[in-house]
Amino acid sequence: MNDIGAIILAAGMSKRMGQPKQFLNLHGKPMFRHAVETAVHSGLRPVVVVGGEQTGLLKEHIRDLPAIVIHNPNFAEGLSSSLKAGVKAIQDKVSAAFIFLADQPFIPVTVVKRLRESYEIAKVKNIKIIRPRYASVPGHPVLFDAEIFPELLCIEGDRGAQQVIQQHLAELQYVDFDNPLWGVDIDTPEEWQSYSRRNQI
């Protein structure tokens, strides 16, 4: 099994934004769709989008894309519940998976392809996690080898996979990119307004 899939976390409640930011229009499409398109166009299969309260609306916005939308009934418990739902949906189908965040719309296909190439080379050296750095700042999407999935399924609370990454620093490899925009996440109305006014990336 050599397939590499994608899990896109889109179930957040957007407390800082004040409205579901997944659906805010950014350059003519809902913000979360940018991440889905990047995953699809990078050749990742399957692409699993994890939704919460707005799962039906997520499906409507990407019905033309080869992606699976699943509902996380425990979305209010925080990020870890969505991460676990995504891993459970994909674990028997892939040898590794990328974790994307729905509020990071500027990641290009180029990044995913370089991370994937780095993984193919590094896995013979027992590297299990590949993570990008944008202008020296660690970011997403993070690639996890399937051997790490059981640990991802043990995360609790409103936390992502950072604690698992910390436990595997010897098996982690960074890939550096110069463009800080690629690592931007949009959390507030001010950030959304600012990036909406920029030319399309």
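Which residues point one way from β4, and which the other way? In this predicted model, V47, V49 and G51 go to one side, while V48 and V50 go to the other. Both sets are buried. That fits the overall tally for strand β4 (residues 47–51), which is mostly covered, with 5 of its 5 residues buried.

The neighbours of β4 come next. On one hand there is β1, which runs parallel to β4 and is joined to it by 4 bridges. Within this pairing, L9 stands opposite V50. On the other hand there is strand β5 (residues 68–71), again parallel to β4 and again joined by 4 bridges. Here the bridge partner of V50 is I70. V50 therefore has a partner in β5, I70, as well as facing L9, and its side of β4 is buried. The route from β4 to β5 passes through helix α2 (residues 55–61), and the three elements make up a right-handed β-α-β unit.

The loop between β4 and α2 holds E53. Unlike the buried residues of β4, E53 counts as exposed, at 65% relative accessibility. Its C-alpha lies 33 Å from that of K128, a residue 75 places away in sequence.

Helix α1 is another mostly covered element, with 10 of its 11 residues buried. The buried set takes in hydrophobic and charged side chains alike, including M31, F32, V36, R33 and E37. Just past the end of α1, G43 adopts a positive phi of about 80°.Charged residues of α1 bring up the salt bridges, of which the count comes to 8. Side chains of opposite charge can pair when their charged atoms come close. One of these pairs is E37 with K29, where the closest N and O atoms are 2.9 Å apart. E37 is buried, with a relative accessible area of 13%. The pairing doesn't stand alone, either: K29, R33, E37 and D64 are linked in a network of salt bridges.

Two other salt bridges connect separate stretches of the chain. K84 and E156 meet through their side chains at 3.3 Å, N to O. K84 lies in helix α3 (residues 79–90) and E156 in the loop between α5 (149–152) and α6 (162–166), so this pair ties together parts that are 72 residues apart in sequence. K84 is buried, at 14% relative accessible area. The second case is R133 with D176, whose side chains meet at 2.9 Å, N to O. This pair links strand β7, home of R133, to strand β10, home of D176, across 43 residues of sequence. Both ends have some exposure: R133 counts as partly exposed at 24% relative accessibility, and D176 is partly exposed with a relative accessible area of 39%.

Helix α4 (residues 109–122) has 14 residues and reaches 20 Å from its first C-alpha to its last, close to the 20 Å expected at 1.5 Å a residue. Its buried residues are V111, V112, L115, S118, Y119 and A122. Looking down the helix axis, these buried residues fall within an arc of 130°, so they line one face of α4. The face turned away from that buried side carries E117 and I121, which are exposed.

What sits over the buried residues of α4 comes from several parts of the chain. The cover includes the strands β1 (4–9), β6 (96–101), β7 (129–134), β9 (142–145) and β10 (172–177), along with helix α1 (31–41). Some of these elements have already come up: β1 pairs with β4, α1 is mostly covered itself, and β7 and β10 hold the two ends of the R133–D176 salt bridge.

The last site to mention is H140, found in the loop between β8 (137–138) and β9. Despite its place in a loop, H140 counts as buried, at 17% relative accessibility. Leaving aside residues up to four places away in sequence, H140 touches I99, L101, Q104, I107, R131, P132 and Y134.

How values were computed: Residues numbered from 1 in each chain as written. Predicted model: local features only at pLDDT ≥ 70, side-chain atom pairs only at ≥ 80, totals over all residues. Heavy atoms only, no water. Expected span 1.5 Å × (residues − 1). Buried < 20%, exposed > 50% of the residue type's maximum accessible area, 1.4 Å probe, protein only. Arc of directions from axis to C-beta. Contact = heavy atoms within 4.5 Å. Salt bridge = Lys/Arg side-chain N within 4 Å of Asp/Glu carboxyl O. Pairing = 2+ DSSP bridges. Right-handed = clockwise from strand over helix to strand, strands pointing away.
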